[in-house]
Amino acid sequence: MSKTVTVGKPVPAFSARATGDQTIRSSALKGRKVVIYFYPKDNTPGCTTEGSDFRDLYQDFQKADCEIFGVSKDSLKSHENFKAKLGFPFELLVDEDETLCRLFDVIKLKKMYGREFEGIERSTFLIDASGKLRQEWRKVKVAGHAEEVLAAARAL
């Protein structure tokens, strides 16, 4: 079995701590479509906009029988504050040890101010009700992204 996700194949089982004092298990998500979006850091401009876009379309995702989860390497406390501040109706998953990031292959070499470092490449994944990865978006540009993901979820 491959160590990372592949479009058209079942997503390997995973579990992660989440806001709201929960543990989210992939096995419990079967029967619903799932959007998992990876973002670099809580409370940064692009991540705030992206989360807010998914928040604003949350009811539409729910009507499409689709759940949303945001993932970054921030702590649970940071996630709880970010979620409360922006009123996210969905949970944020904690991935401090990069298990989910590695599974979805979103840790990339990045450059900022001439310095190289490993970080999360903004990416989104759409999983169908049977647990198969149906679509992925990598190197996401935030503007219009949530709407594009919603259209894909509705089309499943």
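The sulfur of C66 lies 20 Å from the closest cysteine sulfur, in C101, which is too far for a bond. The structure is a predicted model, in which local features need pLDDT of at least 70 and side-chain atom pairs count only at pLDDT 80 or more, whereas totals for chains, interfaces and linings use all residues. Residues are numbered from 1 along each chain as its sequence is written, and side-chain values use heavy atoms, with hydrogens and water left out.

With a disulfide taken as a pair of cysteine sulfur atoms within 2.5 Å, the count comes to zero. C47 is likewise in no disulfide, the nearest cysteine sulfur, that of C101, being 12 Å away. C66 counts as buried at 0% relative accessibility, and C47 counts as buried at 2%. Here buried denotes under 20% relative accessible area, exposed over 50% and partly exposed the range in between, for a 1.4 Å probe and protein chains only.

Aromatic side chains were examined next. Rings of Phe, Tyr and Trp (its six-membered ring) were paired if their centres lie within 6.5 Å, with planes under 30 degrees apart counted as stacked, over 60 as edge-to-face and the rest as tilted. Twelve aromatic pairs result from this rule. In one of them, the ring centres of Y37 and Y39 are 5.6 Å apart and the planes stand at 35°, so the pair is tilted. The pair of F88 and F90, by contrast, is stacked, with 4.9 Å centre to centre and 15° between the planes. Y37 and Y39 are both buried, as are F88 and F90. These four residues belong to one aromatic cluster formed by Y37, Y39, F54, Y58, F61, F82, F88 and F90.

F82 also belongs to the buried side of helix 3 (residues 76-86), where S78, H79, F82, K83 and L86 are buried. These residues cover an arc of only 130° around the axis, which puts them on the same side of helix 3; the arc is that of the directions from the helix axis to the C-beta atoms. Helices (H or I, at least four residues) and strands (E, at least two) are DSSP runs, numbered from the N terminus. The buried residues of helix 3 pack against helix 1 (45-56), strand 4 (66-72) and strand 5 (91-94), contact being defined by heavy atoms within 4.5 Å. On the face of helix 3 turned away from its buried side are the exposed residues K77, A84 and K85. Just after helix 3, G87 adopts a positive phi of about 65°.
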